[in-house]
Amino acid sequence: MLFLKLFLLFSLCSFTFSHDADFNPHLLPRPLIIQPEDIETQYEKFDDELNLHCTSWRFSVEANNLSPWKTIPEECLGYVKEYMIGRGYKLDLERVSSEAGVYAKNLELSGDGKDVWIFDIDETLLSNLPYYIEHGYGLEIFDPIEFDKWVQKGMAPAIEPSLKLYENILDLGFKVFLLTGRNEKLKSITIENLTKAGFRRWDKLILRDSEQHGKLAVVFKSEKRGEMVEEGYRIVGNSGDQWSDLLGADPSRRSFKLPNPMYYIP
């Protein structure tokens, strides 16, 4: 950011000297006088334009309009950081959970125990923000080994609006299935972390086993939803932070996408 601002100032100075109508090679150029408020105005315009650019990028992420991407744009690091640790991310989480809660309360359950709500885990129930703060908010290319080290600590906090929705869903009588792309070897620590964070009841916890390793998340989760349907379950709600949690075969009657501009999982 500082480099771009200095470049802007240098360009302004160069333009002024090179376009002097009375230029004489034997005379020194007249002093350039730049009002401080003019420089500040240019800085503000630049910051506003960058903010609009990064807001547009984040909108495209959440609307699933971007091609598969590996890292956030470098110029949007400050924007993503401010969003994730600021009020914006919290408000968006609260909005999604609130709308999901209204939908759930207005559903009439069949009473046969076959109405299911699916929850993803990472960035849906548990927050890995402490990990991503140390890894550039998505600016670094994802390292599965380093991430698994973080998961093994079992320290991911609950996403509070999701915990509130989760408890409401259970109280309403839905079956709760947790469907995650985490490896089966992380099952014990995942259960420990979920319990410690306040998620103490569920009906199924489904993780990837060795046979599913390498499958796209959208394929893996579609297959698992298909198995639920074959067993007679009705998937009436689905919450996830990735479109691959929600799209594909046997989708939920209604799905709820949580915000996540830090990473993309196909």
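**Loops, strands and charges in a predicted model**

Me: N64 is found in the loop between α2 and α3 (77-85). What makes the phi of N64 notable?

Reply: In this predicted model, N64 has a positive phi of about 60° although N64 is not a glycine. Most residues other than glycine have a negative phi.

Me: Why is N64 called partly exposed?

Reply: The relative accessibility of N64 is 29%. Partly exposed covers the range between 20% and 50%, and 29% falls there, so N64 counts as partly exposed.

Me: Which sign does the phi of E123 have, positive or negative?

Reply: E123 has a positive phi, of about 65°, and is not a glycine. E123 is found in the loop between β1 and α5.

Me: How do you know that E123 is buried?

Reply: Its relative accessible area is 1%. Buried means under 20%, so E123 meets the condition.

Me: What makes K221 and D120 a salt bridge?

Reply: Their side chains meet at 3.0 Å, N to O. The limit is 4 Å between a side-chain nitrogen of Lys or Arg and a carboxyl oxygen of Asp or Glu; 3.0 Å is within that limit, so the pair is a salt bridge. K221 lies in helix α9 (residues 217-230) and D120 in the loop between β1 and α5 (129-133), so the pair ties together parts that are 101 residues apart in sequence.

Me: Are K221 and D120 buried or exposed?

Reply: K221 has a relative accessible area of 3%, and D120 has one of 6%. Buried means under 20%, so K221 is buried and D120 is buried.

Me: What makes D92 and R58 a salt bridge?

Reply: The closest N and O atoms are 3.7 Å apart, which is within the 4 Å limit, so the pair qualifies. D92 lies in helix α4 (residues 87-105) and R58 in helix α2, so this salt bridge ties together parts that are 34 residues apart in sequence.

Me: Why is D92 called partly exposed, and why is R58 called buried?

Reply: D92 has a relative accessibility of 29%, a value between the 20% and 50% cut-offs, so D92 is partly exposed. R58 has a relative accessible area of 17%, which is under 20%, so R58 is buried.

Me: How are E227 and K224 placed in helix α9?

Reply: They are three residues apart in the helix, so about one helical turn separates them. Their side chains meet in a salt bridge at 3.6 Å, N to O. E227 is partly exposed at 37%, whereas K224 is buried at 13%.

Me: How many salt bridges are counted by this rule?

Reply: The count comes to 13.

Me: Why is E49 called exposed?

Reply: Its relative accessible area is 54%. Exposed means over 50%, so E49 is exposed. E49 lies in helix α2 (residues 36-62).

Me: What makes the patch of E40, E44, D48 and E49 one of negative charge?

Reply: Asp and Glu count as negative. E40, E44, D48 and E49 are Glu or Asp residues, so the patch they gather in on the surface is negative.

Me: How do you know that strand β1 (residues 115-119) is paired with strand β2 (residues 175-183)?

Reply: Four bridges join β1 to β2, and the two run parallel. Pairing requires at least two bridges, so these strands pair. W117 stands opposite V176 in β2.

Me: How many bridges join β2 to strand β3 (residues 204-208)?

Reply: Four bridges join them, and the strands run parallel. In β3, K204 is the bridge partner of F177.

Definitions and conventions. Residues are numbered from 1 along each chain as its sequence is written. This is a predicted model: local features need pLDDT of at least 70, side-chain atom pairs count only at pLDDT 80 or more; totals for chains, interfaces and linings use all residues. Side-chain values use heavy atoms; hydrogens and water are left out. Patches are made of residues with over 30% relative accessible area and no salt bridge: like charges are joined within 9 Å, nonpolar side chains (Val, Leu, Ile, Met, Phe, Trp, Tyr) within 5 Å. Accessible areas come from the Shrake-Rupley method with a 1.4 Å probe; for residues, only the protein chains shown count as cover. The place of a charge is taken as NZ of Lys, CZ of Arg, CG of Asp or CD of Glu. Buried means under 20% relative accessible area, exposed over 50%, partly exposed in between (1.4 Å probe, protein chains only).
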